[in-house]
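This briefing asks how the strands of a sheet are arranged, which helices lie across them, and where one serine is placed. The sequence and structure come first, and the notes that follow are grouped by topic.

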Amino acid sequence: DMANTAYVQTREAIFNLRSITSLGVGGVEALRAYLDNYQKQYGLDVRLEADGKAVAALAGNTGVQVIRIIQEALSNVRKHGQTAHARVRIERQDSEVLITIEDQGQGFYPTVAPGVENQHFGLQFMHERAAKVGGTLVVESRPGQGTQVILHVPYAHKGGKS
């Protein structure tokens, strides 16, 4: 079982690294293609709701960090959520782009202190990635009520200006 789990996780890491594209360059279609491939590889049905202008604003390093956060959140849904469905929304709200990854899976307590048995490295890495691009990340979850990963990043017009 451990070898099989390691194999699946290694394949997912390679798949994710191959799929990193700047959202600002590839836009909604690049993200949709990634999610379609993810569903074929792992059986997780992911519905995408995205504002094209908000996605286009996620250029350069911001886009790379956003896609890595989406990938980590979906990996967590697949590994821990015990659900076959998730949703990714990308929309503009005033001076920010709001990215929400949510599921109706088993949920968890995100504020429980990690121990040897329960280290939340993925959550820590998502928070660090958000901070690198001037954003914030909030994880809302409770057992039996699913999980929402909510990322706020500054909205930037093409050319990097806000």
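In this predicted model, strand β2, covering residues 85-93, and strand β3, covering residues 96-103, run antiparallel and are joined by 8 bridges. Within this pairing, Gln93 stands opposite Glu96 in β3. The points below place these two strands in their sheet and then turn to the helices and to Ser75.

**The sheet**
- The sheet is open and is formed by 5 strands, which follow the order β1-β2-β3-β5-β4 with mixed pairing.
- Its edges are taken by β1 (45-50) and β4 (136-141), each of which pairs on one side only.
- From one strand to the next, the twist averages 15°.

**Helices across the sheet**
- Helix α4 lies across β1, β2, β3, β4 and β5 (147-154), and its direction is at about 15° to that of β3.
- Helix α5, made up of residues 121-132, lies across β4 and β5 and runs at about 145° to β4.

**Ser75 in helix α4**
- Ser75 belongs to helix α4, which spans residues 60-81.
- Is Ser75 buried or exposed? Its relative accessibility is 6%, and because buried means under 20%, Ser75 counts as buried.
- When residues up to four places away in sequence are not counted, Ser75 touches Glu12 and Tyr38.

How values were computed
Residues numbered from 1 in each chain as written. Predicted model: local features only at pLDDT ≥ 70, side-chain atom pairs only at ≥ 80, totals over all residues. Heavy atoms only, no water. Helix = DSSP H or I, 4+ residues; strand = E, 2+ residues; numbered from the N terminus. Buried < 20%, exposed > 50% of the residue type's maximum accessible area, 1.4 Å probe, protein only. Contact = heavy atoms within 4.5 Å. Pairing = 2+ DSSP bridges. Axes fitted to C-alpha atoms, helices over the stretch in contact; angles between N-to-C directions.
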